[in-house]
Amino acid sequence: MRFKLLLQIQPHLMGHKIPINYQYELSAAIYRILSKADQAYATWLHDNGFWVDNKRFKLFTFSWLLAPYGIDKEHQRLIINSDTVEWHIGFLPEKSTQQFIQGVFCDQSFQIADRISGAAFAIREVQVMPPLTYAPVMEFQTLSPICISQRNEYGKTDYLSPDAPNYAEGLLTGLLARYKALYGHDYEGDASIDFQLIGKAKPVLVKIKADTPAQTFVKGYQCRFRLALAEELMRLAYEGGLGEKGSLGFGMIK
């Protein structure tokens, strides 16, 4: 299930400039908001998620903050040129019903900030998005970059571009694992996939836990694409995201 949130910036508390790498902070905000209403659920989601074959799946994803903005490259700032921001979140766990999410998120607030600058956001509206009408072939655009990785011969992580020959296989592997995590058994339907990139993909290098000892970098790609997939798997892609690291704000599509 997907939700569109309307955020109101509170400039009297902070300002309009946030760190250019903010996905980790948005992920943390989701956990904090959930924990206010249901500590046990938030703890379980954070510490456990859904386990399949010793891999953990948290089964939610979210978009970038959607608003007019400017970029201060020198200070690595995103300058939001609006008093309101749109934010999309998709949840797959069955407990994440419309009433639960709307009740948890409505009228909550959070901040995105570091030692230099930040912004305070108040959630003014939580709107459930209508379900998608599926077709055998659909066109999508990323709302946050899609991440697909693999280990190379030296044990290092390579991030695949959407024009890589095994990119579609990586997408399908993630969807099948997500299906098994959600339903507790393997997917038994048509598992074929056809992925066609439309135009050029834009690489995005995201800094996670910026300026801390745990800082890491994750690479994803923003793109438009055409996807042929069984409806059940297409629904997982649309509601739960494509690729890896959805709970860090990767893989949301529209």
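**View 1. Contacts of Arg-2 in the predicted model.** In this predicted model, Arg-2 is in contact, once its neighbours within four places in sequence are set aside, with His-88, Ile-89, Gly-90, Gln-127, Val-128, Met-129, Leu-143, Tyr-238, Glu-239, Met-252, Ile-253 and Lys-254. Arg-2 belongs to strand S1, which covers residues 2–9. A polar atom of the Arg-2 side chain lies 2.7 Å from the backbone oxygen of Tyr-238. Which side chain of opposite charge is nearest to Arg-2, and how far away is it? The nearest one is that of Glu-239, at 7.4 Å, and Arg-2, although buried, has no salt bridge; because a salt bridge requires a side-chain nitrogen within 4 Å of a carboxyl oxygen, a separation of 7.4 Å does not qualify.

**View 2. Strand S1 and its two pairing partners.** Strand S1 runs antiparallel to strand S8 (residues 84–91), and seven bridges join the two. Within this pairing, Gln-8 has Thr-84 of S8 as its bridge partner. S1 also pairs with strand S10 (residues 118–128), again in the antiparallel sense and over seven bridges. On that side, the residue that partners Ile-9 is Phe-121 of S10.

**View 3. The largest nonpolar core and the surroundings of Phe-225.** The largest nonpolar core comprises 35 residues, and those with the most contacts inside it are Phe-140, Ile-146, Tyr-167, Phe-225 and Leu-242. Two or more residues of this core come from each of strand S3 (50–52), strand S11 (137–141), helix H4 (167–183), strand S14 (194–208), strand S15 (216–228) and helix H5 (231–240). Which element gives the largest share of this core? It is H4, with eight residues. A further core of 33 residues lies apart from this one and includes Tyr-31, Phe-62, Leu-78 and Val-126. Returning to Phe-225, this residue touches Met-138, Glu-139, Phe-140, Thr-142, Ile-146, Phe-195, Gln-196, Leu-197, Ile-198, Leu-242 and Ile-253, when residues up to four places away in sequence are not counted.

**View 4. Two residues other than glycine with positive phi, Asp-211 and Lys-245.** Most residues other than glycine have a negative phi. Asp-211, which is not a glycine, nevertheless has a positive phi of about 60°, and its place is in the loop between S14 and S15. Is Asp-211 buried or exposed? Asp-211 counts as exposed because its relative accessibility is 54%, and the cut-off for that class is over 50%. Lys-245 likewise has a positive phi, near 60°, and is found in the segment after H5. Because its relative accessibility is 35%, Lys-245 counts as partly exposed.

**View 5. The salt bridge between Arg-77 and Asp-114.** Side chains of opposite charge can pair when their charged atoms come close. Five salt bridges are found in a search of the whole structure, and one of them joins Arg-77 to Asp-114, with the closest N and O atoms 2.8 Å apart. Arg-77 lies in strand S7 (residues 77–80) and Asp-114 in the loop between strand S9 (109–113) and S10, so this pair ties together parts that are 37 residues apart in sequence. Arg-77 is buried, its relative accessible area being 5%, whereas Asp-114, with a relative accessible area of 32%, is partly exposed.

**View 6. The salt bridge between Lys-180 and Asp-186.** The side chains of Lys-180 and Asp-186 meet in a salt bridge with an N to O distance of 3.5 Å. Asp-186 is partly exposed, with a relative accessible area of 46%, and Lys-180 also counts as partly exposed, at 23% relative accessibility.

**View 7. A salt bridge within helix H5, and a network of charged residues.** Glu-239 and Arg-235 form a salt bridge through their side chains, with 3.2 Å from N to O. Both residues lie in helix H5 and are four residues apart, which corresponds to about one turn of the helix. Glu-239 counts as buried, at 15% relative accessibility, while Arg-235, at 24%, counts as partly exposed. A separate group is formed by Glu-139, Arg-224 and Arg-226, which salt bridges with shared partners join into one network.

Notes
Residues are numbered from 1 along each chain as its sequence is written. This is a predicted model: local features need pLDDT of at least 70, side-chain atom pairs count only at pLDDT 80 or more; totals for chains, interfaces and linings use all residues. Side-chain values use heavy atoms; hydrogens and water are left out. Buried means under 20% relative accessible area, exposed over 50%, partly exposed in between (1.4 Å probe, protein chains only). Lys and Arg count as positive and Asp and Glu as negative; His and the chain ends are not counted. A polar contact is a pair of N or O atoms within 3.5 Å; within protein, one must be able to donate a hydrogen and the other to accept it, and residues adjacent in sequence count only if both atoms are side-chain atoms. Contact means heavy atoms within 4.5 Å. Two strands pair if DSSP finds at least two bridges between them. A nonpolar core is a set of buried Ala, Val, Leu, Ile, Met, Phe, Trp, Tyr and Cys residues joined through side-chain atoms within 4.5 Å.
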